Amino acid sequence: MSSEVRMSSVRMARENSVTEDSYTENLIGTLLAIFGNLLVSIAVSIQKQSHVTLAGNKDPRQYYYTKTWWSGLMLMVLGEGALFVSYAFAPLSLIAPLNAVSVITSSILGFLFLREKWKAQEFLKRYILTFLGCVLTAGGTYLFVTFGPNSHEKLNAENIVKHVIGWPVLLYLLLGIITFCLVLYFYKRRNANYLVLILLLVALLGSVTVITVKAVSGMIVLSILGPLQLSYPIFYVMFVCMVASVVFQASFLAQASHLYDSCLIACVNYIFSTTFAIVSGAIFYQEFNHEDVLHICMFLLGCSMCFLGVFLITKSKRKVKAFEPYVTMDMAKGIPTIHNKGWAVQPDYNGSFSYGALQNNDSVGPVTLPVNQERSASPSPVSPYQSSELKKD
């Protein structure tokens, strides 16, 4: 009887130690991911400020000759390194949604770099969505970090090979390849240049990227701390897949940036990439196998709050085209009309002669403007249109 009690106490002690180690590794990975996202956001802001300064001062130097740009590059490398290492410690489903930290930091830094004075009413009107989005994203981040998965295993070559040849992973890869080929066919052959399709390709590649990044990062960290894992072929297979998926991701993102607004791309890409990363972690690394329903629901609630928060932040960042007044000539009366109501895009005025029209009317013959013969015969140099005759919208 005493031996059974002793064995149960030893088993409980081992489970407690494993749980404590898991929480410690989760904390290390989470802090590294937050730190990395902060550094990347600061680096991008510094490099952008370098470009803006050169353009404002009409400096003929290239951007790579400035110290600020190189400082931003060094911070970006350091931040990406911290993100890479974080995958070795925390679950994949916990690291992927933390990209929302980068969105929050970018919005705050963008506000600080504006250097504009706003009245209280104008400030609230312009930044209320950004503030609400930051609050929702911060609350969602707290929820999914607190209730996120806590499963850990040593990412050695044997365990990774076991995951790769498992039927859930093979089925997931098969469905992913079929979906990717179908979407790519419609995108390339059918000219379906929809943002959803392009970013769906990016997210499918991103699911492969995060799986391989976690495997490569875990094997490198394990090789530093314990037995060497770099001599196994699976390491190089994962490394090649990681590099290839990153390159193709960047290519599709570049194509999307030429067609759509960057804020819209950032919002949709965050939602798609995070969703596919969580699904990949759940299938490949089985991160939710030992989680109860309450923790899973709270984790999904936190992710949903982050999705909504990022949407509000990026929505408030979308720029409206500046308005430039223009003049049209009324064909019936020959009276110029000044349009100054603030429309962002000049409308099409059929039957009128327009200055600065957006339409290409090269195929249309020149229009003869009606001339008042009596006034044109007058020797007075005064303009035939008096201020009272000018029409306004």
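Contact means heavy atoms within 4.5 Å. The exercises below concern a predicted model, in which local features need pLDDT of at least 70, side-chain atom pairs count only at pLDDT 80 or more, and totals for chains, interfaces and linings use all residues. Residues are numbered from 1 along each chain as its sequence is written, and side-chain values use heavy atoms, with hydrogens and water left out.

**Exercise 1. The chain as a whole**

Task: state how many helices and strands the chain has, and what percentage of its residues is buried.

Solution. Helices (H or I, at least four residues) and strands (E, at least two) are DSSP runs, numbered from the N terminus. The count comes to 12 helices and four strands. Buried means under 20% relative accessible area, exposed over 50%, and partly exposed in between (1.4 Å probe, protein chains only). Of the 393 residues, 34% are buried. Among contacts with a separation of 6 or more, 76% join residues 24 or more positions apart. The exposed area, from the Shrake-Rupley method with a 1.4 Å probe, where for residues only the protein chains shown count as cover, is about 24,200 Å², and carbon and sulfur atoms supply 66% of it.

**Exercise 2. Helix H2 and Ile 95**

Task: determine how far helix H2 reaches from its first C-alpha to its last, and which residues Ile 95 contacts.

Solution. Helix H2 covers residues 67–89, which is 23 residues. The expected span is 1.5 Å times one less than the number of residues. H2 reaches 34 Å, close to the expected 33 Å. Its buried residues are Trp 69, Gly 72, Gly 79, Ala 82, Leu 83, Ser 86, Tyr 87 and Phe 89.

Ile 95 belongs to helix H3 (residues 92–95) and is buried at 2% relative accessible area. Beyond four places in sequence, Ile 95 contacts Gly 29, Thr 30, Ala 33, Ser 86, Tyr 87 and Ala 90. Its C-alpha lies 9.8 Å from that of Gly 148, 53 residues away along the chain.

**Exercise 3. Two buried loop residues**

Task: identify which polar contact Thr 66 makes with a side chain, and which backbone nitrogen lies 2.9 Å from the side chain of Gln 229.

Solution. A polar contact is a pair of N or O atoms within 3.5 Å; within protein, one must be able to donate a hydrogen and the other to accept it, and residues adjacent in sequence count only if both atoms are side-chain atoms.

1. Thr 66 sits in the loop between helix H1 (2–56) and H2, and is buried at 7% relative accessibility. Its side chain makes a polar contact of 3.1 Å with that of Ser 50. Thr 66 also touches Leu 54 and Arg 61.
2. Gln 229 sits in the loop between helix H8 (195–225) and helix H9 (233–257), and is buried at 5%. A polar atom of its side chain lies 2.9 Å from the backbone nitrogen of Ala 157. The residues that Gln 229 touches include Asn 156, Met 219, Leu 222, Ser 223 and Phe 235.

**Exercise 4. Ala 100**

Task: decide whether Ala 100 is buried or exposed, and list its contacts beyond four places in sequence.

Solution. Ala 100 lies in helix H4 (residues 100–114). Its relative accessibility is 0%, so Ala 100 counts as buried. The contacts are Thr 137, Tyr 270, Cys 306 and Val 310. Gly 140, 40 residues away in sequence, is 9.4 Å away in space, C-alpha to C-alpha.
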